[in-house]
Amino acid sequence: MTRRIRDVMSPAVVAVEPMTTVARAARLMREEDIGDVLVTYDRDLFGVLTDRDIVLRGVADGRDPDDTTVGSVCTPPPVVTLEPDDTTDYAAELMRRHAVRRLPVVEHGGVPVGVVTLGDLAATDDPHSALADISEAPPDH
């Protein structure tokens, strides 16, 4: 069933500025139990930093997380985004086309207002699917 992104997105946006250290962003991800943070500059979306970005562009390259900025390792612009009135079908199409599992939701030309994940879409389309169950499960610490 197609729905609007505003109905399925996570509205709580966790964001850092490009000059934030990777170590600080990683601690924030742990504290918030999330796999990505949005990188914003002057309220506008600059990029997206995922746990995978930290590993592939930071740790694997031997960069010091206390000295490396998120702006230097995040997925840089242009970032694929959605707007709150876009559909879940469109979100799934973008995720498939760009091979991503999460998309920032922006409005007013680039101000982040949420994030929609593959798990959000799975829970919406089939609340009894394995992916929906995994996405809704509490974290395993």
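Which side chain meets that of Arg 57 in a salt bridge? The partner is Asp 53, and the two side chains come together at 2.9 Å, taken from N to O; the view of this pair is described among the legends below, all of which refer to a predicted model.

**View 1. The protein chain as a whole, with its helices and strands in order.** The protein chain holds six helices and five strands, and, read along the sequence, these elements follow the pattern β-α-β-β-α-α-α-β-β-α-α. Of its 141 residues, 39% count as buried, and the accessible surface comes to about 8400 Å², with 50% of that area belonging to carbon and sulfur atoms. Among the contacts with a separation of 6 or more, 55% are made by residues that stand 24 or more positions apart.

**View 2. Strands S1, S2 and S3 and the links between them.** Strand S1 (15–16) pairs with S2 in the parallel sense over two bridges, and within this pairing Ala 15 has Leu 38 of S2 as its bridge partner. Between these two strands the chain passes through H1, and the resulting β-α-β crossover is right-handed. On S2 (36–41) and S3 (44–50) the pairing is antiparallel and runs over six bridges, with Asp 36 having Thr 50 of S3 as its bridge partner. Two residues lie between the strands in the hairpin of S2 and S3, where Asp 42 takes a positive phi near 55 degrees. Strand S2 is mostly covered, five of its six residues being buried.

**View 3. Helix H1 and the elements packed against its buried residues.** Helix H1 spans residues 22–32, and its buried residues are Val 22, Ala 23, Ala 25, Leu 28 and Met 29. These buried residues pack against the strands S1, S2 and S3 and also against helix H2 (51–59) and helix H3 (70–73). Just after H1, Asp 33 takes a positive phi of about 55 degrees. The helix also carries a charged pair, in which the side chains of Arg 24 and Glu 31 meet in a salt bridge at 3.9 Å, N to O. Arg 24 counts as partly exposed because its relative accessibility is 36%, whereas Glu 31, at 51%, counts as exposed.

**View 4. The largest nonpolar core and the surroundings of Leu 49.** The largest nonpolar core has 13 residues, and those with the most contacts inside it are Val 16, Val 37, Val 39, Leu 49 and Val 70. Two or more residues of this core are given by each of H1, S2 and H3, and the largest share, four residues, comes from H1. When residues up to four places away in sequence are not counted, Leu 49 touches Ala 25, Met 29, Gly 35, Asp 36, Val 37, Val 39, Ile 54, Val 70, Val 73 and Cys 74. A second core, separate from this one, has twelve residues, including Met 95, Val 113, Val 116 and Leu 121.

**View 5. The salt bridge between Asp 36 and Arg 102.** The side chains of Asp 36 and Arg 102 meet in a salt bridge at 3.1 Å, N to O. Because Asp 36 lies in strand S2 and Arg 102 in strand S4 (residues 102–107), the pair ties together parts that are 66 residues apart in sequence. Asp 36 is buried, with a relative accessible area of 10%, while Arg 102 is partly exposed, with a relative accessible area of 24%. The same Asp 36 that meets Arg 102 is also the bridge partner of Thr 50 in S3 and is among the residues that Leu 49 touches.

**View 6. The salt bridge between Arg 57 and Asp 53 within helix H2.** Side chains of opposite charge can pair when their charged atoms come close. Both Arg 57 and Asp 53 lie in helix H2, where they are four residues apart, about one turn of the helix, and their side chains meet at 2.9 Å, N to O. Arg 57 counts as partly exposed, at 32% relative accessibility, whereas Asp 53 counts as buried because its relative accessibility is 7%, under the 20% limit for that class. A search of the whole structure finds five salt bridges, among them this pair in H2.

Notes:
Residues numbered from 1 in each chain as written. Predicted model: local features only at pLDDT ≥ 70, side-chain atom pairs only at ≥ 80, totals over all residues. Heavy atoms only, no water. Buried < 20%, exposed > 50% of the residue type's maximum accessible area, 1.4 Å probe, protein only. Contact = heavy atoms within 4.5 Å. Core = buried A, V, L, I, M, F, W, Y, C linked by side-chain atoms within 4.5 Å. Areas by Shrake-Rupley, 256 points an atom, 1.4 Å probe, with all protein chains shown as cover. Salt bridge = Lys/Arg side-chain N within 4 Å of Asp/Glu carboxyl O. Pairing = 2+ DSSP bridges. Right-handed = clockwise from strand over helix to strand, strands pointing away.
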